[in-house]
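Hi,

Here is the structure I said I would pass on. Have a look through it first, and then read my notes underneath.

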Amino acid sequence: MSRAMVLTASVRVVGRMLVPALAVLAVSCGSGEAADPLVVGAQQPAQSRVLAEIYAQALARTGTAVRVEPGLGDRAEMLAALAAGTVAVAADHNGALLAELNTGADAETVEAVTEELNGSLPQDTVTADPADGTDFEPRVLVTTATAEQQGIGSVEDLANRCSGLTAGTAAVPGLLDLPAAATRIAGCEFTATQQFTDPAELRQALVDGRIQVAVLGGPAEFLPGGTDGLAVLADSGEAIRAQNPVAVLRKGVLDEEQTEKLNYVAGELTTDELAALVLRMRDEGADPAELARTWLDAHGL
């Protein structure tokens, strides 16, 4: 056998040995480069699902691999998932989360709630900026006749008369839960309070005169039948605790660009837009991912 033939055979042998080795190296390198996706957790309510999709898709637009995990339970489970690192981002209300973490907190305004919340969060958890243009605090309503007869235009006006009135409350299906502490009115103790199963029943009780005040667990856009014949009382921000959507983050997971992206989202969210998105998912069965995509595109995010 010639020297050339021996060399050719040797090259073929070495080549056969290198192919599997290179394949292993390629797989190893590929695995190292493919980072696990950030997980954005969502609770069951439509509002949480919509916000999770908005946060996830906003992060994806920074080049981040992201997936949404819609199976979270209550706030305790959400915080546990963040602590365990199985979830990196989750949506909540700042005021409701504060009530969960610190039952003695007395903050009402966005600024005060943000400060107290930052001091109450677990060590492994931080928040992005609250969406201060998205006001999901409870709405207090009286009939137009009552407002005119008694000169009640604001929640502060009402506070001086609470002791002689019966109030009704109702949670809003599709919205994040509000603990009892998050729905109280500062300086107000009603003679009696009735809990209604849904906003429609609450509205009817107010119109019928069975109650004098209705406390709805969210914006008036969620009141069936609208507000004809009713007055939504203004709040200076100091009578009812702020309830602004906020992204809750596992500390140290998101970089500056990713966190800044979520802050941009918070700066663009508004009450009426988020309410419309939630209603479309809750009542029309709209896809939250598509709703989020359309909203982000409309805001250049």
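Below is what turned up, starting with the strands and moving on to the charged residues.

One thing to keep in mind throughout: this is a predicted model.

**Strand β5 and its neighbours**

I'd start with β5, which covers residues 139-143. Five of its five residues are buried, so the strand is largely enclosed by the rest of the structure. In a regular strand the side chains alternate between the two faces of the sheet. For β5 that puts Arg139, Leu141 and Thr143 on one side and Val140 and Val142 on the other, and both faces are covered.

Which strands does β5 pair with? One is β8 (residues 213-216), antiparallel to β5 and joined to it by three bridges. Another is β9 (residues 230-232), again antiparallel and again with three bridges. If you want to check the register on screen, look for Arg139 opposite Leu216 in β8, and for Leu141 opposite Val232 in β9.

**Strand β10**

Next up is β10, residues 245-250. Here five of the six residues are buried, so this strand too is largely enclosed by the rest of the structure. Strand β3 (residues 89-93) runs antiparallel to β10, with five bridges between them; Ala91 has Ala247 as its bridge partner there. Strand β4 (residues 125-127) is also antiparallel to β10 and is joined to it by three bridges. In that pairing, Thr127 faces Val248.

**Salt bridges**

How many salt bridges does a search of the whole structure find? It comes back with nine, and I picked out a few of them for you.

- Asp297 and Arg61 make a salt bridge through their side chains, at 2.9 Å from N to O. This pair ties together distant parts of the chain, 236 residues apart: Asp297 sits in helix α11 (residues 288-298), while Arg61 is in the loop between α2 (46-60) and β2 (66-69). Asp297 is partly exposed at 49% relative accessibility, and Arg61 is partly exposed as well, at 35%.
- Arg139, which you met above in β5, has a salt bridge to Asp135, with 3.8 Å from N to O. Is each end buried or partly exposed? Arg139 has a relative accessible area of 14%, so it counts as buried, whereas Asp135 is partly exposed at 28%.
- Asp208 and Arg210 also meet in a salt bridge, at 3.5 Å from N to O. Asp208 is partly exposed with a relative accessible area of 45%, and Arg210 is partly exposed at 44%.

**Negative charge on the surface**

Some acidic residues belong to a patch instead. Asp74, Glu77, Glu100 and Asp177 gather on the surface in a patch of negative charge. I looked at Asp177 in particular: it is found in the loop between β6 (166-170) and β7 (192-195). With a relative accessible area of 56%, Asp177 is exposed, because the cut-off for that is over 50%.

**One last residue**

Glu156 is part of helix α7 (residues 155-159) and is partly exposed, at 30% relative accessibility. Its C-alpha is 9.9 Å from that of Gly237, and the two residues are 81 residues apart along the chain.

That's the lot for now. Shout if anything is unclear.

Cheers

Terms used. Residues are numbered from 1 along each chain as its sequence is written. This is a predicted model: local features need pLDDT of at least 70, side-chain atom pairs count only at pLDDT 80 or more; totals for chains, interfaces and linings use all residues. Side-chain values use heavy atoms; hydrogens and water are left out. Patches are made of residues with over 30% relative accessible area and no salt bridge: like charges are joined within 9 Å, nonpolar side chains (Val, Leu, Ile, Met, Phe, Trp, Tyr) within 5 Å. Accessible areas come from the Shrake-Rupley method with a 1.4 Å probe; for residues, only the protein chains shown count as cover. A salt bridge is a side-chain nitrogen of Lys or Arg within 4 Å of a carboxyl oxygen of Asp or Glu. Lys and Arg count as positive and Asp and Glu as negative; His and the chain ends are not counted. The place of a charge is taken as NZ of Lys, CZ of Arg, CG of Asp or CD of Glu. Helices (H or I, at least four residues) and strands (E, at least two) are DSSP runs, numbered from the N terminus. Buried means under 20% relative accessible area, exposed over 50%, partly exposed in between (1.4 Å probe, protein chains only). Two strands pair if DSSP finds at least two bridges between them.
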